[in-house]
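Please go through the assignments made for this protein and ask, for each, what value stands behind the label.

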Amino acid sequence: MATEDQKFNAGETQGQAEEKTGSITDNTKQKAQETEEKASRTTQTAKDGTTESKNQTGSKISEKTGAVKDKASEVVQSTKDSAQTGKDKTAGTIREKVDQVKSAAAGAKDDNN
């Protein structure tokens, strides 16, 4: 059977072990909480960066789309201008030919009289 001193020492050792276990448990909980907070901050930072990147990308796409629309509008206007110029030249050439034919016809009529 254990003596009183042995029982006392066993109780003392058990108390120290429980205290040490509690201390380790508390430290582990604290480290886990710190790790969770750090992970949360990292996740939020990544989310913020992604949102910012998305917004920047959206802005760049809008800028590029606007530039493409402007360029397309310029091309359309240039094509319209070129078509109008071609139409005007063609009309002028046709008028000249009509006038030449009229003149030749008038000249032929005068020669026949």
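A helix is taken here as a DSSP run of H or I with at least four residues. Glutamine 84 is found in such a run, helix H1, and the model in which this is seen is a predicted one.

Q: What makes up the secondary structure of the protein, in helices and strands?
A: The secondary structure comes to one helix and zero strands. The helix, H1, covers residues 4–112, and since a helix needs at least four residues, that run qualifies.

Q: Why is lysine 38 called exposed?
A: Lysine 38, whose place is in helix H1, has a relative accessible area of 54%, and because exposed means over 50%, lysine 38 is placed in that class.

Q: Why does aspartate 26 count as exposed?
A: Aspartate 26 also has its place in helix H1; its relative accessibility is 52%, and the cut-off for exposed is over 50%, so aspartate 26 counts as exposed.

Q: Why is glutamine 84 called partly exposed?
A: The relative accessibility of glutamine 84 is 40%, and partly exposed is the class between under 20% for buried and over 50% for exposed, so glutamine 84 counts as partly exposed.

Q: What makes the contact of glutamate 74 and lysine 71 a salt bridge?
A: The rule asks for a side-chain nitrogen of Lys or Arg within 4 Å of a carboxyl oxygen of Asp or Glu, and the side chains of glutamate 74 and lysine 71 meet at 4.0 Å, N to O. Both residues lie in helix H1, three residues apart, about one turn of the helix. By this rule the count comes to one salt bridge. As for exposure, glutamate 74 has a relative accessible area of 49% and is therefore partly exposed, given that exposed requires over 50%.

Q: How do you know what radius of gyration a compact globule of 113 residues would have, and what does the protein have?
A: The globule rule is 2.2 Å times the number of residues to the power 0.38, which for 113 residues gives a value near 13 Å, but the protein has 48 Å. Along its principal axes the C-alpha trace spans about 160 × 20 × 5 Å.

Q: Which separations go with these spans, for lysine 38 and alanine 108, and for glutamine 84 and lysine 29?
A: The C-alpha atoms of lysine 38 and alanine 108, 70 residues apart along the chain, are separated by 103 Å, while glutamine 84 and lysine 29, 55 residues apart in sequence, are 81 Å apart in space, C-alpha to C-alpha.

Q: What share of the 113 residues is buried?
A: With buried meaning under 20% relative accessible area, buried residues make up 1% of the 113 residues.

Key: Residues numbered from 1 in each chain as written. Predicted model: local features only at pLDDT ≥ 70, side-chain atom pairs only at ≥ 80, totals over all residues. Heavy atoms only, no water. Helix = DSSP H or I, 4+ residues; strand = E, 2+ residues; numbered from the N terminus. Buried < 20%, exposed > 50% of the residue type's maximum accessible area, 1.4 Å probe, protein only.
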